[in-house]
Amino acid sequence: LMGVQISPSILSADFSRLAEECDRVAGAADWLHVDVMDNHFVPNLTLGLPIVESLLKRVSTPVDCHLMIADPDRWAPGYAEAGAGSVTFHVEAAHAPIRLARAIRAAGARAGMALKPATDVEGYADLLPEIDMLLIMTVEPGFGGQAFLDVVLPKIRRARELIAGRALDLWLQVDGGVSAGTIERCAEAGADVFVAGSAVYGADDPAEAVRRLRAQAEA
Ligand code: DX5
Ligand code: ZN
């Protein structure tokens with residue numbers, strides 16, 4: 001078991017100097033969270049495989065790709081083949097989530113499955129052995145800087161029960177509105193991987209912000 005991990009989202013970084021922004025959390029962060037959006041699954045457009053490939057050549061922190069895209073069955077394995085350490089698809093967008101999770105693992109990455117705030121976890125309990133990480137969104141996906149949705153906390157708790165009940169070595173990630181004011185609630189509910197965008201890149205010292213979040217989550 002890994003314990004607490006922090007995955008800063010570069011969505012809140014300066015996209016004109018992405019590699020330098022990644023360097024600002026090097027050594028402090030466990031992962032770099034890269035939000036891929038396609039203007040279709042979510043109403044926002046960010047970056048895709050060519051930029052992820054370039055980043056992977058330049059940064060040493062493992063890359064955690066969060067794909068907010070339609071038809072992840074077609075695109076997700078390519079991010080794993082490019083060298084992302086973790087590739088997460090949205091179950092609402094996947095046509096064949098079990099086949100897709102297996103394809104991501106076969107391409108050498110950890111397979112993640114994400115649930116939007118209104119997507120119930122119960123119906124996916126039997127899929128949990130097929131994945132390495134469950135991402136529970138704590139905002140509607142699409143934008144950084146949104147307010148944390150407390151209404152999702154019972155689902156985090158329930159997901160942790162399902163994982164514990166099956167004795168799975170599965171990470172439970174939260175993403176959206178995670179900050180000094182909310183991370184303790186997430187940790188208490190059972191999350192162990194914390195994505196933070198504005199709370200990290202909005203700080204004067206992003207590495208220090210990562211260390212503080214980790215200390216709070218571990219408390
Ligand atoms: C939102 C993205 C998040 C986003 C979080 O759809 O998936 O990763 O960057 O940003 P904050 O931490 O500012 O809510
Ligand atoms: Zn994300």
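UniProt, in an unreviewed entry, puts a "binding site" feature at His-33, Asp-35, His-66 and Asp-175. These four are spread over 143 residues of sequence, yet they cluster in space, with a largest C-alpha distance of 10.6 Å. Keep in mind that what you're looking at is a predicted model.

The same kind of record also carries an "active site" label, again from an unreviewed entry, and that one covers Asp-35 and Asp-175. This pair is spread over 141 residues of sequence but clusters in space too, the largest C-alpha distance being 10.6 Å.

So where do the annotated residues sit? Asp-35 is in strand β2, His-66 is in strand β3, which runs over residues 63–68, and Asp-175 belongs to strand β7, residues 171–175.

Are they buried or exposed? Here's the tally, with the cut-off for buried being 20 or more other C-beta atoms within 10 Å.

| Residue | Strand | C-beta neighbours within 10 Å | Status |
|---|---|---|---|
| Asp-35 | β2 | 24 | buried |
| His-66 | β3 | 26 | buried |
| Asp-175 | β7 | 26 | buried |

Asp-35 counts as buried because it has 24 C-beta neighbours inside 10 Å. His-66 is buried because it has 26 of them inside 10 Å, and Asp-175 is buried because 26 other C-beta atoms lie within 10 Å.

Now for who touches whom, leaving aside neighbours within four places in sequence. Which residues is His-66 in contact with? Its contacts include three annotated residues by name, His-33, Asp-35 and Asp-175. The rest of the His-66 list is Val-34, Val-36, Thr-88, Ala-114 and Leu-135.

Seen from the other side, Asp-35 is in contact with His-66, along with Ser-9, Leu-11, Thr-46 and Met-68. Asp-175 also has His-66 among its contacts, and the others are Leu-135, Met-137, Thr-138 and Val-195. Leu-135 turns up in the lists of both His-66 and Asp-175.

On to the ligand. How many residues surround ligand 1? There are 22, and the closest are Ser-9, Leu-11, Gly-144, Gly-197 and Ser-198. Two of those names, Ser-9 and Leu-11, are also contacts of Asp-35.

Three elements give two or more residues to this shell: β2 (32–37), β8 (193–196) and α7 (198–201). Strand β2 is also where Asp-35 lies. By class, the shell has 12 polar, 8 nonpolar and 2 charged residues.

Key
Residues are numbered from 1 along each chain as its sequence is written. Chains are lettered from A and ligands numbered from 1 in the order in which they are written. This is a predicted model: local features need pLDDT of at least 70, side-chain atom pairs count only at pLDDT 80 or more; totals for chains, interfaces and linings use all residues. A residue is near a molecule or strand if its C-beta atom, placed from the backbone, lies within 6 Å of it. Helices (H or I, at least four residues) and strands (E, at least two) are DSSP runs, numbered from the N terminus. Ala, Val, Leu, Ile, Met, Phe, Trp, Tyr, Cys and Pro count as nonpolar, Asp, Glu, Lys and Arg as charged, and the others, Gly among them, as polar. UniProt positions are given in the numbering used here, feature names are shortened, and annotations may be inferred rather than shown by experiment. A residue is buried if 20 or more other C-beta atoms lie within 10 Å of its own, exposed if 12 or fewer, and partly exposed in between; C-beta atoms are placed from the backbone. Two residues are in contact if their C-beta atoms, placed from the backbone, lie within 7 Å.
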